[in-house]
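Me: I would like a close look at a single part of this model, taken slowly and set against the rest of the chain. Please treat the surface and the charged side chains with care.

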Amino acid sequence: MATVNGPTNTADDLRKDLQSLKDDVARLAGQLSDALAASGEEAFGGVRDRFRRVRDNVGDAVHEAGERSRDAVTELADAVGATLEDNVKARPFSTLALALGLGFLFGALWRR
């Protein structure tokens, strides 16, 4: 006896095919989501690494600039000290008179 595909067999086949298609789409969406998440994490990791390198470079530059400015201030203080010492040795009475005059001026201003 020959079997004839009736409407019920065709509807069942369509349901199975649709369910299979839904499962395939869900699996594909999951794989796509995983791939995007992985590439997003890689991109974020790359940005994070670049940010760390920039931060370290800026920190090094700031540290180096701090050392240079400290050295410059030290040199300036040494130069001023040497100049004052030379002036005191060259003109001791003029330096003493200047110090007394400045002390008197600051004292008068401080009183007010």
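**Helix H1 and its charged side chains**

Me: Which residues form salt bridges in helix H1, how exposed are they, and what else is found on the surface of the chain?

Reply: Since this is a predicted model, what follows describes computed geometry. The protein chain has two helices and zero strands, and helix H1 covers residues 7–90, while helix H2 covers residues 92–111. Of the 112 residues in the chain, 2% are buried, and the accessible surface comes to about 10300 Å², with 63% of that area belonging to carbon and sulfur atoms.

The count of salt bridges comes to two, and the partners in each pair lie in helix H1. In one of them, Glu64 is paired with Arg68, and the closest N and O atoms are 3.3 Å apart. These two residues are four positions apart in helix H1, so about one helical turn separates them. Glu64 is classed as partly exposed because its relative accessibility is 44%, which falls between the limits of 20% and 50%. Arg68, by contrast, has a relative accessible area of 51% and therefore counts as exposed, the cut-off being over 50%.

The other salt bridge joins Lys89 to Glu85, with the closest N and O atoms 3.2 Å apart. Here too the partners lie in helix H1 and are four residues apart, about one turn of the helix. Lys89 reaches 62% relative accessibility and so counts as exposed, whereas Glu85, with a relative accessible area of 44%, is partly exposed.

Helix H1 also contributes to a charged feature of another kind, namely a negative surface patch formed by Glu67, Asp71, Glu75 and Asp78. Glu75, one of these residues, has its place in helix H1, and because its relative accessibility is 57%, Glu75 counts as exposed. Residues that take part in a salt bridge are not admitted to such patches, so the members of this patch are charges without a salt bridge by the rule used here.

For the setting of this part, helix H2 may be considered as well. Leu98, Leu102, Leu105, Phe106 and Leu109 form a nonpolar patch on the surface, and together these side chains' residues have about 520 Å² of accessible area. Leu109 is placed in helix H2, and its relative accessible area of 52% is why Leu109 is classed as exposed. The UniProt record, an unreviewed entry, carries the annotation "transmembrane region" for residues 93–110. In the model that span is 100% helix and 0% strand, and its end C-alpha atoms lie 25 Å apart.

Note on methods:
Residues are numbered from 1 along each chain as its sequence is written. This is a predicted model: local features need pLDDT of at least 70, side-chain atom pairs count only at pLDDT 80 or more; totals for chains, interfaces and linings use all residues. Side-chain values use heavy atoms; hydrogens and water are left out. Patches are made of residues with over 30% relative accessible area and no salt bridge: like charges are joined within 9 Å, nonpolar side chains (Val, Leu, Ile, Met, Phe, Trp, Tyr) within 5 Å. Accessible areas come from the Shrake-Rupley method with a 1.4 Å probe; for residues, only the protein chains shown count as cover. A salt bridge is a side-chain nitrogen of Lys or Arg within 4 Å of a carboxyl oxygen of Asp or Glu. Buried means under 20% relative accessible area, exposed over 50%, partly exposed in between (1.4 Å probe, protein chains only). UniProt positions are given in the numbering used here, feature names are shortened, and annotations may be inferred rather than shown by experiment. Lys and Arg count as positive and Asp and Glu as negative; His and the chain ends are not counted. The place of a charge is taken as NZ of Lys, CZ of Arg, CG of Asp or CD of Glu.
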